[in-house]
Amino acid sequence: MDILSESGIITDNGQLRLPMDRLNAFFAANKGKRVVVRFEAAAPGSTALQQAYYYNYVIPCVVEALREQGTRKSEDATDRWLISQYPGGFRYDGAEQHVARQLTTTQMSDFLDWLKQYAAENLYVYIEDPRTL
């Protein structure tokens, strides 16, 4: 099964904007197959949006990029691995945090900001600027 995860925005006119070049390439590569589509909407700047973006877009993209480089990791293992790669580390009430769901909105913004550069340089994955979320 081929999977594509994308992030878009609903305009003030109620129109959905998505990166059509990537969608069309996916469609062309999967002619005649059925698709299952799931939409999630969250308020800009919210923790819910950060979490949805990370777990439903970033993680699947990183899993696929790692697979293309010869490394197989589950989504859970990828989440833990990315948190472990972050040079700042995360602690809350003296306990180390191991998954992104444990991060505050501010920590998640810092993490996504770092991850944007890390993923581009090491995995050839595009991560949207967290300030636009």
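Student: At which residue does helix H2 bend by about 35°?

Tutor: This is a predicted model, in which local features need pLDDT of at least 70 and side-chain atom pairs count only at pLDDT 80 or more, while totals for chains, interfaces and linings use all residues. Residues are numbered from 1 along each chain as its sequence is written, and side-chain values use heavy atoms, with hydrogens and water left out. Helices are DSSP runs of H or I with at least four residues, strands are runs of E with at least two, and both are numbered from the N terminus; a bend is the angle between axes fitted to the seven residues ending at a position and the seven starting there. By that construction, the residue where H2 bends by about 35° is Tyr 54.

Student: How far apart are the end C-alpha atoms of H2, and what span should its 22 residues have?

Tutor: The expected span is 1.5 Å times one less than the number of residues. For the 22 residues of H2 this gives 32 Å, and the distance between the end C-alpha atoms agrees with it, at 30 Å.

Student: How many of the 22 residues of H2 are buried?

Tutor: Buried means under 20% relative accessible area, exposed means over 50%, and partly exposed is in between, with a 1.4 Å probe and protein chains only. H2 is largely enclosed by the rest of the structure, because the number of its 22 residues that are buried is 16.

Student: Which helix gives the most residues to the largest nonpolar core?

Tutor: A nonpolar core is a set of buried Ala, Val, Leu, Ile, Met, Phe, Trp, Tyr and Cys residues joined through side-chain atoms within 4.5 Å. The largest has 31 residues, and Tyr 54, Val 58, Leu 82, Phe 111 and Leu 115 touch the most other members. Two or more residues come from each of H2 (47-68), H3 (75-85) and H4 (105-123). With twelve residues, the helix that gives the most is H2.

Student: What is the geometry of the aromatic pair formed by Tyr 54 and Phe 111?

Tutor: Rings of Phe, Tyr and Trp (its six-membered ring) pair if their centres lie within 6.5 Å; planes under 30 degrees apart count as stacked, over 60 as edge-to-face and the rest as tilted. That rule yields nine aromatic pairs. In the pair of Tyr 54 and Phe 111, the centres are 5.6 Å apart with 65° between the planes, which is edge-to-face.

Student: Why does the pair of Tyr 54 and Phe 111 tie together separate parts of the sequence?

Tutor: Both residues are buried, and they belong to one aromatic cluster with Tyr 55, Trp 81, Tyr 86, Trp 114 and Tyr 118. Because Tyr 54 lies in H2 and Phe 111 in H4, the pair links parts whose separation in sequence is 57 residues.

Student: Which residues does Phe 111 contact, leaving aside neighbours within four places in sequence?

Tutor: Contact means heavy atoms within 4.5 Å. Phe 111 is among the buried residues of H4, which also include Met 108, Leu 112 and Leu 115. With sequence neighbours left aside, the contacts of Phe 111 are Tyr 54, Leu 82, Ile 83, Tyr 86, Phe 90 and Leu 103.

Student: Which backbone oxygen does the side chain of Thr 78 reach?

Tutor: Thr 78 is found in H3 and counts as buried, at 0% relative accessibility. Beyond four places in sequence, this residue touches Ile 59, Val 62, Val 63, Leu 66 and Lys 73. Its side chain reaches, at 2.8 Å, the backbone oxygen of Ser 74.

Student: Is Phe 26 buried or exposed?

Tutor: Phe 26 lies in helix H1, residues 20-29. Apart from neighbours within four places, Phe 26 is in contact with Asp 2, Ile 3 and Leu 4; its C-alpha is 7.3 Å from that of Leu 4, 22 residues apart in sequence. At 19% relative accessibility, Phe 26 counts as buried.

Student: What is the phi of Tyr 124, and where is this residue found?

Tutor: Most residues other than glycine have a negative phi, and most peptide bonds are trans. Tyr 124 is found in the segment after H4 and counts as exposed, at 70% relative accessibility. Its phi is positive, near 60°.

How values were computed:
A polar contact is a pair of N or O atoms within 3.5 Å; within protein, one must be able to donate a hydrogen and the other to accept it, and residues adjacent in sequence count only if both atoms are side-chain atoms.
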